[in-house]
Amino acid sequence: MSMRTFIHVEPNLLTAVVTGKFLLKEAQTSFIEVLEAIAQHRLNKVLFDGRELIGRPQTMERFYYSKFAANSLKAYMPRGVAQTTAFAYVLTPAVLDPHRFGETVAVNRGMNVKAFDNVEEAYEWLKVKPARHTQRNSA
């Protein structure tokens, strides 16, 4: 099962819903898709909804992904993507590192990024209201 990325654009938020099994190369491709959409729509807030993502990324995969994301963000700056673009990642405990190693790597390289296990906290951090398509039934 490979990763799939579904991008939803709203006036003040880009949401990327990512599903499937985490694979480093596919995660990097997904990030480029998001950067392309940010450049096209001139948005500066991104919710990466990985609640349907499975797998257990290894420490080095977290490092390589985060380094790639920070470098790619810088590469897209000439296309109108701001270094200050806020990226909120919402992940399940299996995918999310409790020590936030990937987040630290990206922040140390200049990204404005934070990882969450709770979508409501991610929206609060982004200072946006939840979108209908990312709300889940509580049944």
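Guide: A cavity here is a set of points where a 1.4 Å probe fits but cannot get out, and its lining residues have an atom within 4 Å of a point. The model is predicted.

Visitor: How many cavities of 30 Å³ or more are there, and about how much space lies in the largest cavity?
Guide: The count of cavities of 30 Å³ or more comes to one. The space in the largest cavity is about 400 Å³.

Visitor: Which element supplies the largest share of the lining of the largest cavity?
Guide: Several elements take part. α1, β3, α2, β4, α3 (101–108) and β5 each give at least two residues to the lining. The largest share is five residues, and they come from α2.

Visitor: Which lining residues are closest to the centre of the largest cavity?
Guide: The lining of the largest cavity has 29 residues. Those closest to its centre are R62, Y65, S66, Y89 and L91.

Visitor: How many residues of the lining of the largest cavity are charged?
Guide: Sort the lining by class. Nonpolar residues number 18, and polar ones four. The charged residues number seven.

Visitor: Which residues of the largest nonpolar core touch the most other members?
Guide: In soluble globular proteins, nonpolar side chains tend to be buried together. The largest nonpolar core in this model has 31 residues. Those that touch the most other members are F31, F48, F87, Y89 and M111.

Visitor: Which element gives the most to this core?
Guide: At least two core residues come from each of β2 (13–21), α1 (24–41), β3 (45–54), α2 (59–75), β4 (86–91) and β5 (112–116). The top contribution is seven residues, and the element that gives it is α1.

Visitor: Which residues of α2 and β4 does F48 touch?
Guide: Set aside residues up to four places away in sequence. F48 then touches A16, V18, S30, F31 and V34, among others. Now place the rest by element: α2 spans 59–75 and β4 spans 86–91. That leaves Y65 for α2, and for β4 F87, A88, Y89 and V90.

Visitor: How many residues does the other core have?
Guide: Another core lies apart from the largest one. Its members include L13, V90, F116 and A122. The residue count of this core is 11.

Visitor: Is A27 buried or exposed?
Guide: A27 sits in helix α1. Leaving out neighbours within four places, A27 is in contact with M3, F22 and Y65. Its relative accessible area is 4%, and the cut-off for buried is under 20%, so A27 is buried.

Visitor: How many salt bridges does the structure hold, and which residues form them?
Guide: Side chains of opposite charge can pair when their charged atoms come close. The structure holds two salt bridges. In one, N and O are 2.9 Å apart, and in the other 2.7 Å. The pairs are E36 with R79, and D49 with R51.

Visitor: How many residues apart are E36 and R79?
Guide: The pair links distant parts of the chain. E36 is in helix α1, while R79 is in the loop between α2 and β4. Along the chain they are apart by 43 residues.

Visitor: Are E36 and R79 buried, exposed or partly exposed?
Guide: Buried means under 20% and exposed over 50%, with partly exposed in between. E36 has 32% relative accessibility, and R79 has 40%. Both values fall in between, so E36 and R79 are partly exposed.

Visitor: Are D49 and R51 buried or exposed?
Guide: D49 and R51 form a salt bridge. As for accessibility, both D49 and R51 are buried.

Visitor: Which residues other than glycine have a positive phi?
Guide: One lies in the loop between α1 and β3, with phi near 55 degrees. Another lies in the segment after α4 (119–126), with phi near 60 degrees. Their relative accessible areas are 55% and 71%, so both count as exposed. They are R42 and K127.

Visitor: Is P98 buried or exposed?
Guide: P98 lies in the loop between β4 and α3. Its relative accessible area is 63%, and the cut-off is over 50%, so P98 is exposed.

Visitor: How far apart in space are T84 and K74?
Guide: T84 lies in the loop between α2 and β4, and at 60% relative accessibility T84 is exposed. T84 and K74 are 10 residues apart in sequence. Their C-alpha separation is 10 Å.

Definitions and conventions
Residues numbered from 1 in each chain as written. Predicted model: local features only at pLDDT ≥ 70, side-chain atom pairs only at ≥ 80, totals over all residues. Heavy atoms only, no water. Core = buried A, V, L, I, M, F, W, Y, C linked by side-chain atoms within 4.5 Å. Buried < 20%, exposed > 50% of the residue type's maximum accessible area, 1.4 Å probe, protein only. Helix = DSSP H or I, 4+ residues; strand = E, 2+ residues; numbered from the N terminus. Contact = heavy atoms within 4.5 Å. Salt bridge = Lys/Arg side-chain N within 4 Å of Asp/Glu carboxyl O. 1 Å grid on protein atoms, 1.4 Å probe; cavity = no way out; pocket = protein on both sides within 12 Å on 5 of 7 lines; lining within 4 Å. Points joined across faces, edges and corners; volume = space filled by probe spheres on them. Nonpolar A, V, L, I, M, F, W, Y, C, P; charged D, E, K, R; others polar.
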